Amino acid sequence: MKIIHHGAVNGVTGSCHQLDINEQSSILIDCGLFQGDEATSDSSTNQLQIEFDLSQITALIVTHCHIDHVGRIPYLLAAGFNGPVYATTATAALLPLVIEDALKVGVTKNQRLISLYLKRLQQLIKPIDYDQWFTLEVNNCDSGYQQAKARFNVAGHILGSAYVEIELSQLSQTDKNSNALTSLNGDSSNRQDKHIIVFSGDLGATNTPLLPSPKSPLRADTLVVESTYGDKNHLQREYRAESLRQVIEKSVSDNGVVLIPAFSIGRTQELLYELEQIIFNQQHNPMWQSIEIVVDSPMAANFTKQYIKYKKLWDNEAKSVLMHRRHPLDFSQLYTIDNHQDHLAVINYLSSRQKPAVVIAASGMCTGGRIINYLQRFLPEPTADILFVGYQAQGTTGRDIQTYGPTGGYVYIEGEKIDIKAGIHTISGYSAHADQQNLIDFVKGIEHKPKHIRIVHGDNEAKQALARKLKELIPQCEMIIPTG
Ligand SMILES: [Zn+2]
Ligand SMILES: [Zn+2]
């Protein structure tokens, strides 16, 4: 057994891990795009192309449909990959939407080509429910493992997200004779012949709204774990919702518009959930009863529909809100904007309206999308406010606004210099990722502790800090920080 990393080793993006089961068979876990500075660094020329050998790859397992985990799938198909693509049922439903958008933005606007790719992808996708073992195809080989099965578990990061357990085993003598599969629950007599590898994918933070928190697996001999926040802990959720209420109340008091740049998947739905909660709790506050919440993003609207469709995957708190006949993602003060004409009309409407309004639009770091038109129009307005709820990476427009906005600076958007007169606010504590304590708890909860931990998907400091903490927790475990 061997693990090779084709991404997410020098930073957080481009997740793609190859598990060699034996000399003839391997599987891939995720196939994501490199983004931001990681996509433009020197070492990454041609990194869109799949330059590793695909001949022994028998399957692709997708942990969740963020672009840094699935964005290279079209290139994988173009390189000739023809095996099954396993994903949870919800991820399987979201995946074509994400890939269609990725193709339009990064590859081609040709609708015929896009349809061909999507048709091909649909043929390969195999939806699997959480907690169900499924068999992976393994080519015959004299040495190494001969059998493999896998299972998705709730990761609580975005809708459909999973961490995956992969169990490798030898064919026992009885199996060889009868050609039967080993018992799925596995008996302890052949435990030595088994190796369980857990790929964490992206783990969710505990206490985030809507989705349940991940539960640790029973056993992981090797753990490949993300470390996005391996060196930080998040603000408490109660504090975060309270800040959201206060900032919005203050911002709309001068009748200005509030803009929230947010990712279409996950963050937008979390915000809607919390805004509905505030509106519900502020029943005697006329401002909150008249506020208009606008989601101006066709992608986000599509994903919100899927979140509603898969409400059986929500956590108990969110389900109990539903039981009280409330609709956290589809309430009466919520407006979604679809086509481009309506989008432009809304910008004009907001300039002249007399009601408080909040606009949520992508992209989350202001690097593109409809938020750009809003920023061009409202950044020079002293009554407007921009509210950041997500991490703004170095080199993005969002980071520039965050840095230069509070001191009355300016920013360049599409080559145009724009003075920032709007108020700039940042609420930390919104994250779809587990923080350091959550990651430690995840490992602590594994009954049969790992012998090897490979730390990926994080900046160097985050990986080092997490490695130190995990070493304290399991001193005999080998900590590996792979490099690219
Ligand atoms: Zn993710
Ligand atoms: Zn990720």
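**Cavities, salt bridges and ring pairs**

By class, the second largest cavity is lined by five nonpolar, five polar and one charged residues. That is my starting point today. One caution: this is a predicted model.

Let me stay with that cavity. Its volume is about 70 Å³. Which residues line the second largest cavity? Going up the sequence, Gly 156 and His 157 come up, then the run Thr 208, Pro 209, Leu 210 and Leu 211. After those, the lining takes in Gly 266, Gln 269, Glu 270, Tyr 307 and Ala 432. Glu 270 is the charged one, since Glu counts as charged by class. Now look at the domains. Domain 1 covers 2-232 + 432-480, and domain 2 covers 237-426. Each of them gives at least three residues to this lining.

Step back to the whole set. How many cavities of 30 Å³ or more does the structure hold? Three. The largest has about 80 Å³ of space. It is lined by 15 residues, and those closest to the centre are Ser 15, His 17, Ser 200, Gly 201 and Val 456. Strand E11, residues 222-226, contributes the most to this lining, with three residues. The class split for the largest cavity is five nonpolar, seven polar and three charged.

Next topic: salt bridges. The count is 13. I will take three pairs and one network.

Pair one is Arg 151 with Glu 165, at 2.9 Å from N to O. The two are 14 residues apart, and the pair links distant parts of the chain. Arg 151 sits in strand E8, residues 147-154, and Glu 165 in strand E9, residues 162-169. Are the two partners buried or exposed? Arg 151 is partly exposed, at 23% relative accessible area. Glu 165 is buried, at 4%.

Pair two is Glu 274 with Arg 240. The closest N and O atoms are again 2.9 Å apart. Here the link runs between helices: Glu 274 is in helix H8, residues 267-281, and Arg 240 is in helix H7, residues 237-252. The separation is 34 residues. Both Glu 274 and Arg 240 are buried.

Pair three stays inside one helix. Arg 245 meets Glu 242 with the closest N and O atoms 2.6 Å apart. Why about one helical turn between them? Because Arg 245 and Glu 242 are three residues apart in helix H7. Arg 245 has a relative accessible area of 19%. The cut-off for buried is under 20%, so Arg 245 counts as buried. Glu 242 is partly exposed, at 33%.

Then the network. Salt bridges link Lys 149, Glu 167 and Lys 194.

On to the rings. A pair of aromatic rings is described by the distance of the centres and the angle of the planes. The count is four aromatic pairs. Take Phe 134 and Phe 152. Their ring centres are 5.4 Å apart and their planes are at 35 degrees, so the pair is tilted. It links distant parts of the chain: Phe 134 in strand E7, residues 133-136, and Phe 152 in strand E8, 18 residues apart. Phe 134 and Phe 152 are both buried.

Now compare Tyr 163 and Phe 442. The centres are 5.2 Å apart and the planes are at 85 degrees, so this pair is edge-to-face. Tyr 163 lies in strand E9 and Phe 442 in helix H15, residues 436-444, so the pair ties together parts 279 residues apart in sequence. Tyr 163 is buried, at 1% relative accessibility. Phe 442 is buried too, at 4%.

One aromatic cluster also turns up. It is formed by Tyr 86, Phe 134 and Phe 152.

Last, the backbone. Which residues does a cis peptide bond join? Ala 362 and Ser 363, with omega about 5 degrees. Ser 363 lies in the loop between strand E15 (357-361) and helix H13 (371-378).

Two non-glycine residues have a positive phi. Asp 30 is at about 70 degrees. Asp 30 sits in the loop between strand E3 (25-29) and helix H1 (37-40), and counts as buried at 2% relative accessibility. Arg 325 is at about 60 degrees. Its place is the loop between helix H11 (316-323) and strand E14 (334-337). At 75% relative accessibility, Arg 325 counts as exposed.

Terms used: Residues are numbered from 1 along each chain as its sequence is written. Chains are lettered from A and ligands numbered from 1 in the order in which they are written. This is a predicted model: local features need pLDDT of at least 70, side-chain atom pairs count only at pLDDT 80 or more; totals for chains, interfaces and linings use all residues. Side-chain values use heavy atoms; hydrogens and water are left out. On a 1 Å grid over the protein atoms alone, a cavity is a set of points where a 1.4 Å probe fits but cannot get out, and a pocket is an open set with protein on both sides within 12 Å along at least five of seven lines; lining residues have an atom within 4 Å of a point. Grid points are joined across faces, edges and corners, and a volume is the space filled by probe spheres set on the points. Helices (H or I, at least four residues) and strands (E, at least two) are DSSP runs, numbered from the N terminus. Domain bounds come from an automatic or database domain assignment. A salt bridge is a side-chain nitrogen of Lys or Arg within 4 Å of a carboxyl oxygen of Asp or Glu. Buried means under 20% relative accessible area, exposed over 50%, partly exposed in between (1.4 Å probe, protein chains only). Rings of Phe, Tyr and Trp (its six-membered ring) pair if their centres lie within 6.5 Å; planes under 30 degrees apart count as stacked, over 60 as edge-to-face and the rest as tilted.
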